[in-house]
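Subject: Handing over the structure

Hello,

Here is the structure I promised to pass on to you. Please open it alongside this message, and then read on for what turned up.

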Amino acid sequence: MQHTMWKLDNVIKNYDWGTKTALSTLFNIDNPNNQPQAEIWMGAHPAGVSTAITTDGKQIKLDQLIAKNPQQILGEQTCKNYPALPYLFKVLSAQEPLSIQVHPELSKAKLGYAKENQLGIAIDSAQRNYKDPNHKPELIYALTPFLAMNGFRPIAEIISLFTELNIQSLNELVQAFQKNQTDEGLSQFFHGILILNNQVKQQAISELLEKIQNKTETLFAVIKHMAIKYPNDSGLFSPLILNVVQLKPQQAMFLKAQTPHAYLSGTGLEIMASSDNVLRAGLTNKHIDINELFNNTTFHSIPANQLLTTAIKENNKIDFPVPVNDFAFEIINSDENIRHEKTISAEILFCITGEITLSTSKDTFTIKAGESVFIADCAKTFSYQGHGQLARAFNH
Ligand SMILES: [Zn+2]
């Protein structure tokens, strides 16, 4: 191949929950129409394909580039194991909470996708749960303080929070849960909250908001903030049921399949298997399929102190190990020394800060904060030099 590294021109998603200024502040990215800038997609997912640009300015869509030489670009092993680039890398910047969601396991995604195809549900239909046959494990790495919910709280904690608030219209549900403090009891409690009839739900929400009026802890601040946009959504109870976690910059958290979670606010890098499969559980105006949601949720508590990913530091690199092969994620601190790195697969390097020069044997690019390059597996090695920080995405 003539080239082994390309600069990327990436798609920006203007979802309404995005921030309007964070990406221009952090990365000097223009926002001439003052739109929310929620996500930058780096990769070849059909819903937002990056454009690859050669050193001599020629442009091609990344999926087309890969399709021309899959073995050389993705590597032989990746071609055997995956139908395309296995990961999708994003910058995510939330002003408002995203919907509470779970992602399916691989086997269930395959089944669900096939079933909805068979039923003839169009891929862009609002009733469609499975957009592709893939699972979607993900890792979020905080660039600013980043607030999120992840996993069920320990059962005793949920019961104590609800008991303390003493919401009359939920008494029956809470009492039943108290008598059955098991994963099954948790599932029934969660189900009970989701299927409250409208009148009871309204009553319960107004009681909740009244009782937390003067409370200032993060947990209650989160509920009050959510209520501005979603005043009638049973998702307002979710911070009492799910762990609320605040990542500091440079901390990361892995989100397992079948585990409810939601990003609430902040800017981070997100890496995931190349999939768009989302089952929603609240804080949304979109379709909630309760049966499918329950079929894809593991009702099991995770203590909050087990949520963060333990980073492994080695010289100038920090690795954030994940329990899947679809993606891997590293932070590289670069300085005036030239350093060399072997390619592990096709790789995307995103410049977080500073200005860094990257070279393969055939191409050289200097990238600034907010810019990214794509390197083919067949480059074998690349080098980098210059003060700044890189985020590195690849797969095993
Ligand atoms: Zn998610």
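Is Asn166 buried or exposed? Asn166 is exposed, because it has 11 other C-beta atoms within 10 Å, and the cut-off for that class is 12 or fewer. Before I go further, please keep in mind that this is a predicted model.

Let me stay with Asn166 for a moment. You will find Asn166 in the loop between H6 and H7. The phi angle of Asn166 is positive, at about 50 degrees, even though Asn166 is not a glycine. Most residues other than glycine have a negative phi. A second residue of this kind is Gln258, a non-glycine residue whose phi is positive and near 65 degrees. Gln258 sits in the loop between strand E11 (252-255) and strand E12 (261-273). Gln258 counts as partly exposed, with 17 C-beta neighbours inside 10 Å.

The chain as a whole

Now for the wider view. The chain holds 12 helices and 22 strands. Along its principal axes, the C-alpha trace spans about 70 × 50 × 40 Å. What radius of gyration does the chain have, and what would a compact globule with 396 residues have? The chain has 22 Å, which agrees with the value near 21 Å for a compact globule with 396 residues. Of the 396 residues in the chain, 45% are buried. Taking the contacts between residues at least 6 apart in sequence, 76% join residues at least 24 apart.

The helices H6, H7 and H8

The loop that holds Asn166 brings us to the helices beside it. Helix H6 covers residues 155-165 and helix H7 covers residues 171-179. Their axes are 10 Å apart, and the two helices pack at an angle of about 145 degrees. The crossing in which H6 passes H7 is left-handed. On the H6 side, the contact is made by Ile159, Phe162 and Thr163, while H7 contributes Val174, Phe177 and Gln178. Sorted by class, this contact of H6 with H7 has four nonpolar residues, two polar ones and no charged ones.

H7 also packs against helix H8 (residues 183-194), at an angle of about 170 degrees and with the axes 9 Å apart. Why do H7 and H8 count as roughly antiparallel to each other? Their angle is about 170 degrees, and angles over 145 count as roughly antiparallel, so H7 and H8 belong in that class. From H7, the residues Leu173, Ala176 and Phe177 meet Gly185, Gln188, Phe189, Gly192 and Ile193 in H8. The contact of H7 with H8 divides into five nonpolar, three polar and no charged residues. Phe177 is worth picking out in the viewer: it is among the H7 residues in the contact with H6, and it is also among those that meet H8.

Three more places to visit

Tyr82 lies in the loop between helix H4 (76-81) and strand E6 (87-94). Tyr82 counts as partly exposed, with 19 C-beta neighbours inside 10 Å. In sequence Tyr82 and Asp326 are 244 residues apart, yet in space their C-alpha atoms are 8.6 Å apart.

Asp233 is in the loop between helix H10 (218-229) and helix H11 (238-241). Asp233 is partly exposed, with 19 other C-beta atoms within 10 Å. Which residues does Asp233 touch, not counting those up to four places away in sequence? Asp233 touches Gly282 and Leu283. Along the chain, Asp233 and Gly282 are 49 residues apart, and their C-alpha atoms are separated by 6.7 Å.

Ser372 is in strand E20 (residues 372-375). Ser372 counts as buried because it has 23 C-beta neighbours inside 10 Å, where 20 or more are needed. Leaving aside neighbours within four places in sequence, Ser372 is in contact with Leu8, Asn10, Met42, Ile348, Leu349, Phe350, Cys351 and Ile367. Ser372 and Leu390 are 18 residues apart in sequence, and their C-alpha atoms are 9.1 Å apart in space.

Enjoy looking around, and do write back with any questions.

Best wishes

Terms used
Residues numbered from 1 in each chain as written. Predicted model: local features only at pLDDT ≥ 70, side-chain atom pairs only at ≥ 80, totals over all residues. Axes fitted to C-alpha atoms, helices over the stretch in contact; angles between N-to-C directions. Helix = DSSP H or I, 4+ residues; strand = E, 2+ residues; numbered from the N terminus. Left-handed = near helix turned anticlockwise from the far one by under 90°. Contact = placed C-beta atoms within 7 Å. Nonpolar A, V, L, I, M, F, W, Y, C, P; charged D, E, K, R; others polar. Parallel < 35°, antiparallel > 145°, perpendicular 65-115°, else oblique. Rg over C-alpha atoms; globule rule 2.2 N^0.38 Å.
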